[in-house]
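This report looks at strand pairing and at cysteine links. Please keep the sequence and the 3D view at hand while reading.

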Amino acid sequence: MTRRRFPVRMAAPALVLAPLLLIPAAVPARAAPPAAAIGPTAATLGCRLYFNDAGTGSSPTVWQDTFTLTQSPAEPKVGDTVTVTLTAPTGPDNGPVGLNAGDVPVNVTLALGGSLSGSATLRMSSYPARAVAPAEPLGPITATGTYFAAAAGAATLTVGRVTFANASATTHCSAAGDRDHKAAPVPTSIVENFTVGGTGTVTPPPSPSASATPSPSAKPSPSLPPSATDDPPSATDEVDTSAQPFGPKSVKLNCKTLSSLSAWTATHTLSMSPSNPGRGAKVTVSLKFSAGPKSGPVPVGAGDLVPKATVKVGGVGSGTVNLKGPAYGAIDANAVLPGATLTGTYTTSQAGLVSLTVANIVFDHPQVDTECNAGADPVAGPKETSIVAKFTVKSRAATDDEGEGGGNGDGGGSLPTTGEGGVTTLMLLWSSAALLLGVGLVVVLPRRRRLLRS
């Protein structure tokens with residue numbers, strides 16, 4: 001069967017684990033046996049593209065690969081926390097647009113069957129490992145997660161759905177065939193059969209915030225959840241997942257003041273704290289740049305210019321976060337603006353990988369503002385920047401140290417905006433401001449505001 005192209009904008013790192021078949025040597029009863037690989041198994045998956053992860057999907061594609069499912073320990077016993085890894089050496093084909101590394105997190109949903117019930121999620125937080133040209137394979141996949149072996153007996157692990165969680169164009173894949181793979185996935189042929197040793201049933205240990213999570217004795221349904229963002233809370237507290245802050249890295253943006261365009265190059269850093277929060281935690285987002293764009297031919301008074309930014313939340317979250325920095329002091333005419341650090345906060349909702357993308361940076365002035373982003377015309381055709389950071393929200397509830405969230409009342413998992421009441425278009429007084437020669441007075445123009453088109 002001919003591989004069909006994957007029409008998604010995606011991209012992340014991948015450590016390739018060669019498929020192995022290891023036969024565990026004889027070990028003492030309490031020693032953990034080595035990992036064993038099930039497969040390699042050739043399989044064909046069907047996929048659909050979901051813009052902004054909404055709707056029923058479109059542009060059906062086919063993904064053919066060889067999959068290997070690995071467990072450690074290879075022969076789990078009741079009470080073990082088992083690490084599961086899924087690898088695929090080729091990956092799906094890229095679409096017609098070249099991709100950068102790290103834009104497409106991979107989530108794999110596993111259904112537990114037999115003596116076990118519920119589901120587990122395997123994750124690869126950054127994919128592909130390198131930039132990929134159009135129509136080329138995205139490269140090796142290694143996704144890892146855990147489950148708790150609660151009961152003895154014959155058990156199964158079944159790959160139900162694979163999600164490529166690009167914030168703008170998410171792709172969901174399940175068993176071969178064309179359908180709504182997000183809302184109605186069909187389990188794949190990638191199945192591992194094994195036996196959990198020991199006797200009886202063991203209750204998983206509670207997480208530190210067990211009072212805020214469902215009772216661990218209540219087993220969730222073995223059916224696949226309707227969305228990759230609806231993963232049930234883990235029975236055990238997950239290990240910390242390394243965050244992926246952006247930079248410091250040089251970025252070139254375009255700025256517009258009135259009708260004048262200019263280029264702005266600076267070193268940017270985008271980070272978050274805490275980097276491994278629980279659900280309902282208050283997260284602080286920080287954007288730092290080394291220097292601002294160049295001021296216009298008119299001096300700016302102290303306190304008149306304030307740097308701001310809009311950050312788009314993707315992955316398992318949605319919405320925007322508004323960042324704001326301290327007002328600048330007095331600025332001379334034709335001077336490069338000093339660097340600044342902008343901050344804002346929001347409250348996490350669902351567990352999983354969250355992406356933060358700087359959509360717009362603005363310099364707010366009482367008369368005329370400047371808007372900067374990646375668009376050729378930042379005002380008429382705004383475009384999100386390449387400044388993207390990622391981090392993982394744990395399935396446990398937030399601890400006291402992570403602050404109190406809540407208050408948004410949205411009920412849909414979207415993240416509340418902070419700062420001003422909306423995303424506003426801001427532009428800096430620059431060389432296009434009319435200057436009355438000889439007396440050095442600025443012609444004050446009406447303040448122009450417009451909603452950013454994301």
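Phe 246 sits opposite Leu 270 of strand 11. The model is predicted. The Phe 246 and Leu 270 pairing falls within a wider match: strand 10 (residues 246–257) and strand 11 run antiparallel and share 10 bridges. Their hairpin has 2 residues between the strands. In that hairpin, Leu 258 adopts a positive phi near 55 degrees.

Strand 11 also pairs with strand 12 (residues 282–294). This pairing is antiparallel too, with 6 bridges. Here Met 272 has Val 285 of strand 12 as its bridge partner.

Which side chains of strand 11 are buried, and which are not? Strand 11 covers residues 260–273, and its side chains alternate between two faces. Ser 260, Ser 262, Trp 264, Ala 266, His 268, Leu 270 and Met 272 point to one face and are buried. Leu 261, Ala 263, Thr 265, Thr 267, Thr 269, Ser 271 and Ser 273 point to the other face and are not buried. Leu 270, the residue opposite Phe 246, therefore belongs to the buried set, given the cut-off of under 20% relative accessible area. Met 272, the partner of Val 285, is also on the buried face.

Now the cysteines. A disulfide is a covalent bond between the sulfur atoms of two cysteines. The structure holds 2 disulfides. Numbered in sequence order, the bonded cysteines pair 1-2, 3-4.

| Disulfide | S to S distance |
|---|---|
| Cys 47 to Cys 173 | 2.1 Å |
| Cys 255 to Cys 372 | 2.2 Å |

Take the link of Cys 47 and Cys 173. Its S-S torsion is about 110 degrees, so this disulfide is right-handed. Cys 47 lies in strand 1 (residues 36–51) and Cys 173 in strand 8 (residues 169–175), so the bond ties together parts 126 residues apart in sequence. Are these two cysteines buried or exposed? Cys 47 has a relative accessible area of 1% and is buried. Cys 173 is buried as well, at 0%.

The link of Cys 255 and Cys 372 is right-handed, with 110 degrees about the S-S bond. It joins distant parts of the chain: Cys 255 is in strand 10, and Cys 372 is in strand 17 (residues 370–373), 117 residues apart. Cys 255 counts as buried because its relative accessibility is 1%. Cys 372 counts as buried because its relative accessibility is 0%. Strand 10 thus has two roles in this account: it pairs with strand 11, and it carries Cys 255.

Technical notes. Residues are numbered from 1 along each chain as its sequence is written. This is a predicted model: local features need pLDDT of at least 70, side-chain atom pairs count only at pLDDT 80 or more; totals for chains, interfaces and linings use all residues. Side-chain values use heavy atoms; hydrogens and water are left out. Buried means under 20% relative accessible area, exposed over 50%, partly exposed in between (1.4 Å probe, protein chains only). Helices (H or I, at least four residues) and strands (E, at least two) are DSSP runs, numbered from the N terminus. Two strands pair if DSSP finds at least two bridges between them. A disulfide is a pair of cysteine sulfur atoms within 2.5 Å.
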